[in-house]
Amino acid sequence: MIRSSETPRGAIGSEEPPAAKSLARRSFVTLFLLSLAVMVTAVLAATAASYSSYEREAEDYLLAQTRTCAASLEGKSAQDMVEALQALPLTDTRVTLVAADGTVLFDSAVDASTLGNHSQRAEIAQALESGQGVLLRRSQTLGRDTLYAAVSVGDKAVLRLAETRTSLASFLGRMGWQLALSLVVIFVLSLFASRLLTLMVVRPLQEIDLTRPLQNRAYAELQPLLVRVDEQRRELETQNDELQRAVTLRREFTGNVSHEMKTPLQVIGGYAELMEQGVVPPQDVPRFAGLIRRESEHMRLLIDDVLALSRLDESTGGDEPVALRQVCGRVAARLEPASSAKSLRVTLDCQDAVVMGVPSSVEQLVYNLLDNAIEYSPVAGVVSVKVRDEGDGGVVLTVRDQGPGIPDELKERVFERFFRVDSSRSRDTGGTGLGLAIVKHAAESMGGTVEVLDAPGGGACLRVWVPAAS
Ligand code: ADP
């Protein structure tokens, strides 16, 4: 069983990001190894090239010498040739004269009689066959790396000159300290160059200021990333602002709701207290009870509207096709008692138009518009409800009345929560100040808009535009 103290720290909810690799370290190591490898290879290649050209020169020189020497022996007898060679001044060059059958006639380094048949020595065989042969090989007689040049002297003999050569290894060995010094210089140079390059690459990255991504002059390759960071930063700022605004609005709204509820409650409490104390004469009790009922009705309406708004705030999806004509018909029927109480004529002129929305929200939208129109209409006035399918993907609903209308300067503000043009009148008529806010919210949740139009003949004209269901 694992005891709680054994649970790894930060295992729940806070996953550690995987350890990031250091770009500076990586690029430094890569650059250093790469430059070191390139420079060492270059030095070795140059050394090998100079060694091989040095070798070629030596071969050409030895062959030329051999040719000259062979030419001077041309036409002589074997005995004369040996004597001529014996008369040569002693140098580091070994001179060998081999008869056409491979017998060694003369050798400047070893007693010729002790040497075996040389016809199988590669350079001799080559000279016998083609006139000359040059070869670097290990001497069987002297046991050292030796460069041989053999040239035939007529068809009687082959003259061979030989020089002891240094192998590549000993050539390198001879260059000893120069080579070591250049390797040390290369090492130090690579170290500094890699460090410098790494700093040059990494510094602009370290200096990137993510609070102002587009101000950076880092690398062109980073531009798309910085643009994206800038976009996200701005999106975040906008979201933050929106969130702040939403929080402020909600706070204001909560304050307004409590304030709006306090008024009817105070009225109810006051009247109830008077009745409780028996101060109200019996004949006035029905009037007081009526006042209490009216205030409680107002509170019920307020609670209904607050709930409707918060449902709209929370609603996500659930849209379905809603036929506006049917909704208007139903709402007009629901409000028929109110309209006939004021002897109003409600005219419906609705085309068949279908919109996408939450049916209860669409009904609430139409209800609030018609309810206001009836409320603010003079007795015996006309309220007209129109639905038009614009044919361009939009549907327009207009509700018009013959009431006092809405002043131009308040045409925007009437959609604010709890805004009333005339608050005492609105309260008297049972208005909550939330009706048009609900209308606006519902229209916007369907992707539409709402506005107060100029009504030339007086009265108010509210126009809602919503996209038609495709
Ligand atoms: P209320 O519940 O007070 O009617 P609304 O949000 O529905 O609240 O309307 C806000 C204000 O807009 C109302 O107080 C009223 O002054 C004005 N208003 C709304 N509809 C009409 C209309 N049809 N005619 C005149 N004024 C209107």
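1. Let me start at a small spot: Ser-343 sits in the loop that runs between α8 (336-341) and β7 (345-350). Keep in mind that this is a predicted model. The phi of Ser-343 is near 55°, a positive value in a residue that isn't glycine. How open is Ser-343 to its surroundings? Ser-343 is partly exposed, because its relative accessible area is 48% and the partly exposed class runs between 20% and 50%.

2. Lys-342 belongs to that loop between α8 and β7 too. Setting aside residues up to four places away in sequence, Lys-342 touches Ile-374, Glu-375, Tyr-376, Ser-377, Val-379 and Ala-380. For a sense of scale, take Lys-342 and Thr-198: they are 144 residues apart in sequence, and their C-alpha atoms are 87 Å apart in space.

3. Ala-380, one of the residues touched by Lys-342, is worth a look of its own. You'll find Ala-380 in the loop between α9 and β9 (382-389). Ala-380 has a positive phi of about 65°, although it is not a glycine. Is Ala-380 buried or exposed? With a relative accessible area of 53%, Ala-380 counts as exposed, because the cut-off for that is over 50%.

4. Now zoom out to the whole protein. The protein has eleven helices and twelve strands. Its radius of gyration is 55 Å, whereas a compact globule of 470 residues would have one near 23 Å. Along the principal axes, the C-alpha atoms fill a box of roughly 170 × 60 × 50 Å. One pair to try on screen is Gly-290 and Arg-67: they are 223 residues apart along the chain, with their C-alpha atoms separated by 144 Å.

5. Gly-290 itself is in helix α6 (residues 285-314). Gly-290 is partly exposed, with a relative accessible area of 27%.

6. Some bulk numbers, for the record. Of the 470 residues, 32% count as buried. The protein exposes about 28,400 Å², and carbon and sulfur atoms supply 57% of that area. If you take contacts between residues at least 6 apart in sequence, 62% of them join residues at least 24 apart. As for charge, there are 49 positive and 60 negative charges, and their mean positions lie 3 Å apart.

7. Which residues hold the most contacts in the largest nonpolar core? That core has 50 residues, and those touching the most other members are Leu-365, Val-366, Leu-369, Leu-370, Val-387, Leu-397 and Val-464. Helix α9 (residues 359-376) gives the most to this core, with seven residues. Apart from this core lies another one, of 19 residues, including Leu-63, Met-81, Ala-157 and Leu-161.

8. Back to Leu-365 for a moment. Leaving out residues up to four places away in sequence, Leu-365 touches Leu-397, Val-439, Ala-442, Ala-443, Met-446 and Val-464.

9. Why call helix α11 (residues 435-445) largely enclosed by the rest of the structure? Because eight of its eleven residues are buried. The buried ones in α11 are Gly-435, Leu-436, Ala-437, Ile-438, Val-439, His-441, Ala-442 and Ala-443. Their cover includes α6, α9, β11 (449-453) and β12 (461-467). Just after α11, Gly-447 takes a positive phi of about 85°.

Terms used. Residues numbered from 1 in each chain as written. Predicted model: local features only at pLDDT ≥ 70, side-chain atom pairs only at ≥ 80, totals over all residues. Heavy atoms only, no water. Helix = DSSP H or I, 4+ residues; strand = E, 2+ residues; numbered from the N terminus. Rg over C-alpha atoms; globule rule 2.2 N^0.38 Å. Buried < 20%, exposed > 50% of the residue type's maximum accessible area, 1.4 Å probe, protein only. Contact = heavy atoms within 4.5 Å. Areas by Shrake-Rupley, 256 points an atom, 1.4 Å probe, with all protein chains shown as cover. Lys, Arg positive; Asp, Glu negative; His and termini not counted. Charge placed at Lys NZ, Arg CZ, Asp CG, Glu CD. Core = buried A, V, L, I, M, F, W, Y, C linked by side-chain atoms within 4.5 Å.
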